[in-house]
Amino acid sequence: ESKSAGRNTMRFFDPTMQALVAQRTAIDRELRLALKRSELVLFYQPVVDEQAQMVGVEALVRWQHPRRGLLSPMEFIDQAEQSGLILPLGQWVLRKACEQLVQWAAQPATAQLTMAVNVSARQFRHPEFVEQVLEVMRATGVAAHLLKLEITESLLVTDMLEVIEKMQALRTMQVTFSLDDFGTGYSSLSYLKRLPLDQLKIDQSFVRDVLTDSHDAAIAQTVITLGQSLNLSVVAEGVETHGQWQFLAQRGCKLFQGYLFGKPVPVAQLPLSCLSWPLV
Ligand code: C2E
Ligand code: MG
Ligand code: MG
Ligand code: MG
């Protein structure tokens with residue numbers, strides 16, 4: 001009975017669906033190997049202040065695939081999250097980022113730079129997450145106040161208390177938290193006052209047309225004001241033009257990230273000796 005049901009299921013199995021599954025299995029296998037063979041690389045994108053001085057970076061993972069070239073995280077993070085490979089991947093990213101932070105700490109010109117690291121929901125929810133972060137901190141000797149973990153609203157759907165407890169445990173060690181892509185997920189404002197956050201990131205979808213779309217402008221302004229009221233710093237993501245920068249700065253935004261200031265690049269290409277960009 002159940003066997004024939006299984007066969008029936010197979011018969012209705014959509015070939016494109018089948019192809020998708022096969023593709024995912026392949027990505028899994030390759031990603032597992034990629035972790036072993038060190039094919040992952042961290043790029044860094046500047047975060048700048050009102051003077052366009054670099055005050056920190058965000059670490060963004062890429063996959064240097066042997067055949068397909070440099071892959072963006074969009075092409076493998078979701079799958080890694082589904083298969084659970086996000087756990088070793090996320091741990092690798094965290095360790096690499098902390099090692100970089102330690103190197104910068106040794107030089108006066110870079111000693112104050114902060115490092116933002118993206119943490120996926122599944123990674124954060126793992127029972128050992130706090131312990132794993134602490135382990136990387138111990139192993140690298142990183143100055144925890146320079147480490148900023150970026151979480152997203154998707155984390156907040158369930159187990160708020162557990163999320164808060166974990167955040168607090170890490171905050172005790174001076175790790176800070178940023179809410180990434182703010183405004184694109186579950187927009188309940190009640191969690192904002194309960195979460196031990198330090199920063200909000202205005203999603204780039206609101207920044208893109210901020211000069212021409214009055215709704216986007218209103219949302220951006222609201223996030224900036226909200227940040228000020230709740231004593232959270234606010235970063236505008238995806239700033240590509242001088243006009244967007246000026247508009248957001250005039251409305252009280254103090255931190256910026258986007259192609260205007262620099263694309264994500266390998267560490268060697270970060271303009272570390274020249275920590276400022278001229279006003280365009
Ligand atoms: P995110 O954390 O919101 O990172 C910002 C994304 O916007 C990055 O894309 C960045 O390259 C892009 N970006 C920055 N400035 C501009 C701009 O001015 N214009 C445009 N069009 N785009 C800009 P990227 O590197 O492709 O990463 C995409 C997403 O993948 C990230 O979004 C993050 O959610 C995820 N991701 C990246 N690295 C990691 C990681 O190490 N772990 C986890 N869990 N997720 C990661
Ligand atoms: Mg991010
Ligand atoms: Mg974002
Ligand atoms: Mg994003």
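## A tour of the largest pocket and ligand 1

Start with the largest pocket, which holds about 1200 Å³ of space. Select Glu 58, Leu 60, Pro 73, Met 74 and Asn 118 to find its centre: of the 37 residues in the lining, these come closest to that point. Keep in mind while looking that this is a predicted model.

Next, colour the secondary structure elements around the pocket. Two strands and a helix to select are β2 (54-65), β5 (147-152) and α3 (77-83), which are among the elements that each supply at least two residues of the lining. Add α4 (86-105), α5 (121-125) and β6 (176-182), which also supply at least two residues each. β2 gives the most, with five residues. Now colour the lining by residue class: 13 residues are nonpolar, 13 are polar and 11 are charged.

Turn on ligand 1, which sits in this largest pocket. The shell around ligand 1 draws two or more residues from each of β2, α4 and β6. Here too β2 has the largest share, four residues. By class, the shell around ligand 1 holds 10 nonpolar, six polar and seven charged residues.

Which residues come nearest to ligand 1? Select Arg 62, Asn 118, Asp 180, Glu 240 and Tyr 259, the nearest of the 23 residues around the ligand. Asn 118 is also one of the residues closest to the centre of the pocket.

Zoom in on the polar contacts and show distances to the oxygen atoms of ligand 1.

- Asp 180: an N or O atom of the side chain is 2.8 Å from a ligand oxygen atom.
- Glu 237: a polar side-chain atom lies 3.3 Å from a ligand oxygen atom.
- Tyr 259: here a backbone N or O atom, 2.8 Å from a ligand oxygen atom, makes the approach.

Finally, switch to a surface view. Ligand 1 taken alone exposes 800 Å², and the protein buries 84% of that.

Notes:
Residues are numbered from 1 along each chain as its sequence is written. Chains are lettered from A and ligands numbered from 1 in the order in which they are written. This is a predicted model: local features need pLDDT of at least 70, side-chain atom pairs count only at pLDDT 80 or more; totals for chains, interfaces and linings use all residues. Side-chain values use heavy atoms; hydrogens and water are left out. On a 1 Å grid over the protein atoms alone, a cavity is a set of points where a 1.4 Å probe fits but cannot get out, and a pocket is an open set with protein on both sides within 12 Å along at least five of seven lines; lining residues have an atom within 4 Å of a point. Grid points are joined across faces, edges and corners, and a volume is the space filled by probe spheres set on the points. Ala, Val, Leu, Ile, Met, Phe, Trp, Tyr, Cys and Pro count as nonpolar, Asp, Glu, Lys and Arg as charged, and the others, Gly among them, as polar. A residue is near a molecule or strand if one of its heavy atoms lies within 4 Å of it. A polar contact is a pair of N or O atoms within 3.5 Å; within protein, one must be able to donate a hydrogen and the other to accept it, and residues adjacent in sequence count only if both atoms are side-chain atoms. Accessible areas come from the Shrake-Rupley method with a 1.4 Å probe; for residues, only the protein chains shown count as cover. A molecule sits in a cavity or pocket if more than half of its atoms lie within 2 Å of its grid points.
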